[in-house]
Amino acid sequence: MVSERGFKALNATHRLLTKATRGRLGWRAGGMPVLELTTTGRRSGNRHTIMLTSPLRDGEAIVLVASRAGDDRHPDWYHNVCAHPDVDVRLRGGAWQPMHARVATPAERERLWPRVADTRWYENYQARSKRVIPLVLVEPR
């Protein structure tokens with residue numbers, strides 16, 4: 001599995017690519033749109049921004065996958081949105097949008113997971129993880 005330092009380095013490199021190309025590159029990965037998600041730290045209270053892929057939309061909701069590349073631990077951003085669900089999202093370098101994040105209900109996950117698993121990595125991530133990978137729905141506030 002990728003270390004915490006590895007995830008941070010990957011995110012920083014992704015951000016640098018997007019900035020260096022003035023947004024021409026970096027807003028798609030693995031055939032999926034990429035967005036910036038700003039959360040409030042559950043312990044620190046500090047704001048944290050991460051770039052994430054979003055495999056699909058469900059109505060107005062943006063679906064995020066708390067996969068952490070199939071690790072058996074939830075990603076930090078997932079813990080943050082559980083503690084502080086009001087987040088900010090930016091798509092393709094546009095304006096920040098205030099949004100509300102919530103974990104998909106079991107019924108929603110059951111309905112959405114087959115569509116998520118059709119994407120490149122997520123089915124493999126779930127197969128190697130001991131946990132059920134949660135889906136997070138980010139909706140306009």
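In this predicted model, the charged end of Arg109 sits over the ring of Trp113, 4.3 Å from the ring's centre. Arg109 belongs to helix H3, and its situation is a curious one: the residue is buried, yet no salt bridge goes with it. The nearest side chain of opposite charge belongs to Glu110, and that one is 8.2 Å away. Since a salt bridge requires the nitrogen and the carboxyl oxygen to be within 4 Å, a gap of 8.2 Å rules Glu110 out as a partner for Arg109. What does Arg109 touch, once neighbours within four places in sequence are left aside? The contacts are Ala104, Pro114, Gln126, Val132, Ile133, Pro134 and Leu135.

Trp113, the residue under that charge, also turns up in the largest nonpolar core, a set of 16 residues. Trp113 is listed among those with the most contacts inside this core, together with Val63, Val65, Val116, Tyr122 and Leu135. Two or more residues come from each of strand S5 (61-65), helix H3 (106-117), helix H4 (122-128) and strand S8 (135-140). Helix H3 gives the most, with four residues. As for Leu135, not counting residues up to four places away in sequence, its list of contacts is a long read: Val63, Leu64 and Val65, then Arg102, Val103 and Ala104, and finally Arg109, Leu112, Trp113 and Val116. There is also a second core, separate from the one above, with 15 residues that include Val81, Val87, Met99 and Val136.

On to the aromatic rings, where the structure holds one pair. Tyr122 and Tyr125 meet edge-to-face, with 5.9 Å from centre to centre and 80 degrees between the planes. Because these two tyrosines are three residues apart in helix H4, about one helical turn separates them. Are they buried or exposed? Both Tyr122 and Tyr125 are buried.

Salt bridges come next, and the structure holds nine of them. Arg102 takes part in two that are worth walking through. In one, Arg102 pairs with Glu108, and the closest N and O atoms are 2.7 Å apart. Arg102 counts as partly exposed, at 27% relative accessibility, whereas Glu108 counts as buried, at 16%. In the other, Arg102 pairs with Glu139, this time with 3.2 Å between the closest N and O atoms. Here the pair links distant parts of the chain, with Arg102 in strand S7 (residues 97-103) and Glu139 in strand S8, 37 residues apart. Glu139 is partly exposed, with a relative accessible area of 23%.

Another salt bridge joins the side chains of Arg73 and Asp71, at 3.2 Å from N to O. How do its two ends sit, buried or partly exposed? Arg73 is partly exposed, with a relative accessible area of 48%, while Asp71 is buried, at 7%. Elsewhere, salt bridges link Arg47, Asp86, Asp88 and Arg141 into a network.

How values were computed:
Residues numbered from 1 in each chain as written. Predicted model: local features only at pLDDT ≥ 70, side-chain atom pairs only at ≥ 80, totals over all residues. Heavy atoms only, no water. Core = buried A, V, L, I, M, F, W, Y, C linked by side-chain atoms within 4.5 Å. Buried < 20%, exposed > 50% of the residue type's maximum accessible area, 1.4 Å probe, protein only. Contact = heavy atoms within 4.5 Å. Lys, Arg positive; Asp, Glu negative; His and termini not counted. Phe/Tyr/Trp six-rings, centres within 6.5 Å; stacked < 30°, edge-to-face > 60°. Lys NZ or Arg CZ within 6 Å of the ring centre and 35° of its normal.
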